[in-house]
Structure formats: C-alpha cells, structure tokens
Amino acid sequence: MKARVHVMLKNGVLDPQGEAVRHALGALGFDKVEGVRQGKVIDLDLADGATEADVTEMCEKLLANTVIESYSIEIQ
Amino acid sequence: MKAAVLVFPGSNCDRDLAVAFEQAGFDVSMVWHKDSALPEGVDIVGVPGGFSYGDYLRCGAIAAQSPICKALAEHTARGGYALGVCNGFQVLTETGILPGALLRNAGLKYICKTVDLKVATADSVFTQGYAAGDVIGVPIAHHDGNYFADDATLAALKDQDRIAFTYGDNPNGSRDDIAGILSENRRVLGMMPHPERAADEGHGGTDGAAMFRALAGMVAEA
C-alpha cells in the first residue's frame, strides 16, 4: 500500500516562504496570483496490513506538528 | 550540583552550554541522544543549540523522538529543571514540554547578531538574577525563531506570567515579541537567544552569566 501525506501550515499561520514565492511570481509578470501557500508531500511505502489509522497516528506523532500544521492523507 | 547537556547529531552549541554551566559551578555530563537515561542525580538538563538531524522534517522534530528525550520528559514531569536554547527550544516545543512552535523567520533570513532582550519576569530560577524590565544584550543565531502559539495559549502564557524574555526590536516575527517562555511550574525555560554566548568576557558581553549564576545558587540552596 502507498500513502501520500500532505502537510500544510494551518490557515492563519503566516507562511513567509509562500509569500516570497508569491512576490517572485509577481516579479515574473504573473499578476493574477493572489496567494501562495507552500507545504510538504510525504510518500510512504507501507507493508501489507498497514491501515489509514496507522498513517493518521504517524501524522499526529511526527509527520505534522499540529500546533501549526494540518495534514491530509491519500491512500493510493 | 549536576547538569547534563544533551548531544544530538548536529548539535553545535553543546560545549558552549557545558562551559557556561561549569563556570557557574555545575558538574556537567554530556549525554548522547541514544542514551535512554539521564545520569543519576541530575538537577538541570541543558538542551543545546545547533541543527539536530540537519533540521530535517521540522527543526527539532526528529530529536524530539530520540530515546533521551523520553528521559527528559520524565525528568521535567518529575519537576526537574531544563533549559533549552535555540534548537533546544525547538526540541522542547516539539516534545510538547513547552507550548507553541517555532516557525521560519518572517524575513526568511538566517539572523546572527546580538539583540536587546527585555526580561519580562524575574519570577523564575532562570531570571531571578535580573529585574523585570531589565534590558540585556544576548546573541541570536537562527533561521526558525518565529514563535507561534494560538490565541488561547498566548493568553495563558500572559495570565500566568510565563513569558520570560521579549525582543526589544522583534527580529523574526514572533508573536508578541516573545523570545523565551517558561513551563507552567516555571522550571523549564525555552529561549531562542543564546545566554551561553554571553557568559564570558571573551564573548564580548556577559549579560547571560547571571542566568547560570542564579541557577547554580538555586540548586545549591535546594
């Protein structure tokens, strides 16, 4: 089984890297970009028997810091 | 008086922190991250600055899962003292021993300079050598020192007088200019600035030395 975890800063948490990317896009002439948020994608190769609940636990314990980040899980 | 300084792969302020403890009169042991216990009778644990595990995933996230951090959490849960500086502060938030998190600096730049720090409370073993309102010069050296906590957490920190230091001129976007915070029992301090880099005449400033002297005095009395 494969799982893909998306980790993003929560809404309301300033994302200075996303802001820098937005400014750079503006400088390149992409003037219709109103916001950029940058996150992480983590791909997991899992042995048989692993469950989505296991991945949720991984997110809670390590992959995301839920003080500042939200996550979503795609099972592939 | 015993201090233990944790050493992770990528720690680089561990020896500086050990020297500051030693100069204040502590016996210091260096403790490797794979150890699962602290030395017997340790009064205070120092969690040093640096780039533990190359800052992979998030600063301090991997270090927070190391065996020695379980022992650290048990030590603080028992009421033991701990001081986390810079990456050590990040480790303390990642373990959940202190609330909040450290984000990338708002200006995106790594900043290395001496800054003015305001002592926000003198009511802790770490800050009792200062007076509230004192302004001291202490170096910062970080890329991810932008303190974030939600509104409820910030309100609790203020109500409980747990903000230890604030920046005079906020360099990194930290909420409410926060540079360092205390645990609820006031025995754990996490701070981004480096008091151990302002503890000896050779450093160009000694404003951080009062913290280590006060800690030594406190432990000697206990």
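This talk describes the folds of chains A and B and then the annotated positions in chain B. Please keep in mind throughout that we are looking at a predicted model.

I begin with the overall form of chain B. This chain contains five helices and 11 strands. Its radius of gyration is 15 Å, close to the 17 Å that the globule rule gives for 222 residues, so chain B is as compact as a globular protein of that length. Along the principal axes, its C-alpha atoms fill a box of roughly 40 × 40 × 35 Å. Of the 222 residues, 54% count as buried. If we take the contacts in chain B with a separation of 6 or more, 73% of them come from residues 24 or more positions apart.

Let us turn to the sheet of chain B. How many strands does this open sheet have, and in what order do they stand? There are nine, in the order β2-β1-β3-β4-β11-β10-β9-β6-β7, and the pairing is mixed. The edge strands are β2 and β7 (135–142) of chain B, each of which pairs on one side only. On average, neighbouring strands of this sheet are turned by 20° against each other, direction ignored. As a general reminder, strands of a sheet pair through backbone hydrogen bonds, either parallel or antiparallel.

I shall now follow part of that order strand by strand. Strand β1(B), residues 2–7, runs parallel to β2(B), residues 27–32, and six bridges join the two. Within this pairing, A4(B) has S29(B) as its bridge partner. Helix α1(B), residues 14–23, belongs here as well: β1(B), α1(B) and β2(B) make a right-handed β-α-β unit. β1(B) is also joined to β3(B), residues 44–47, by three bridges, again in parallel. In that pairing, A3(B) stands opposite I44(B). Is β1(B) enclosed or open to its surroundings? Five of its six residues are buried, so β1(B) is largely enclosed by the rest of the structure. One step further along, four bridges connect β3(B) with β4(B), and these strands run parallel. Here G46(B) stands opposite L83(B).

Next, a helix of chain B that merits a separate word. In helix α3(B), residues 87–95, nine of the nine residues are buried, and the helix is mostly covered. Among them are F89(B), V91(B) and L92(B), but also N87(B), Q90(B) and E94(B). What do these buried residues pack against? Their partners are β3, α2 (67–77), β4 (81–85), β5 (101–103) and β11 of chain B. After α3(B) comes G96(B), with a positive phi near 85°.

That brings me to the annotated positions. An unreviewed UniProt entry lists C86(B), H194(B) and E196(B) under "active site". They are spread over 111 residues of sequence, yet they cluster in space, with a largest C-alpha distance of 10.9 Å.

H194(B) is found in the loop between β11 (188–191) and α5 (209–221) of chain B, and E196(B) has its place in the loop between β11 and α5 as well. Why do we call H194(B) buried? The reason is that it has 25 C-beta neighbours inside 10 Å, where 20 or more suffice. E196(B) counts as buried because it has 31 such neighbours inside 10 Å.

Leaving aside neighbours within four places in sequence, H194(B) is in contact with C86(B), and its other contacts include C13(B), G49(B), V85(B) and P139(B). With residues up to four places away in sequence set aside, E196(B) touches C13(B), D16(B), L17(B), A20(B), V85(B) and G208(B). C13(B) and V85(B) are thus on the contact lists of both H194(B) and E196(B).

Finally, I come to chain A. Three of its strands form an open sheet in the order β2-β1-β3, with antiparallel pairing. β2(A), 39–45, and β3(A), 69–75, stand at the edges with a single partner strand each, so one side of each is left without a neighbour in the sheet. From one strand to the next, the twist averages 20°. Strand β1(A), residues 2–9, pairs with β2(A) over seven bridges in the antiparallel sense. One of the residue pairs is V7(A) with its bridge partner K40(A). Helix α2(A), residues 52–63, lies across β1, β2 and β3 of chain A and runs at about 155° to β3(A).

Conventions: Residues are numbered from 1 along each chain as its sequence is written. Chains are lettered from A and ligands numbered from 1 in the order in which they are written. This is a predicted model: local features need pLDDT of at least 70, side-chain atom pairs count only at pLDDT 80 or more; totals for chains, interfaces and linings use all residues. A residue is buried if 20 or more other C-beta atoms lie within 10 Å of its own, exposed if 12 or fewer, and partly exposed in between; C-beta atoms are placed from the backbone. Two strands pair if DSSP finds at least two bridges between them. A crossover is right-handed if, with the strands pointing away from the viewer, the path from the first strand over the helix to the second runs clockwise. Axes are lines fitted to C-alpha atoms, for helices over the stretch in contact, and angles run from 0 to 180 degrees between N-to-C directions. Two residues are in contact if their C-beta atoms, placed from the backbone, lie within 7 Å. The radius of gyration is taken over C-alpha atoms; the globule rule is 2.2 Å times the number of residues to the power 0.38. UniProt positions are given in the numbering used here, feature names are shortened, and annotations may be inferred rather than shown by experiment.
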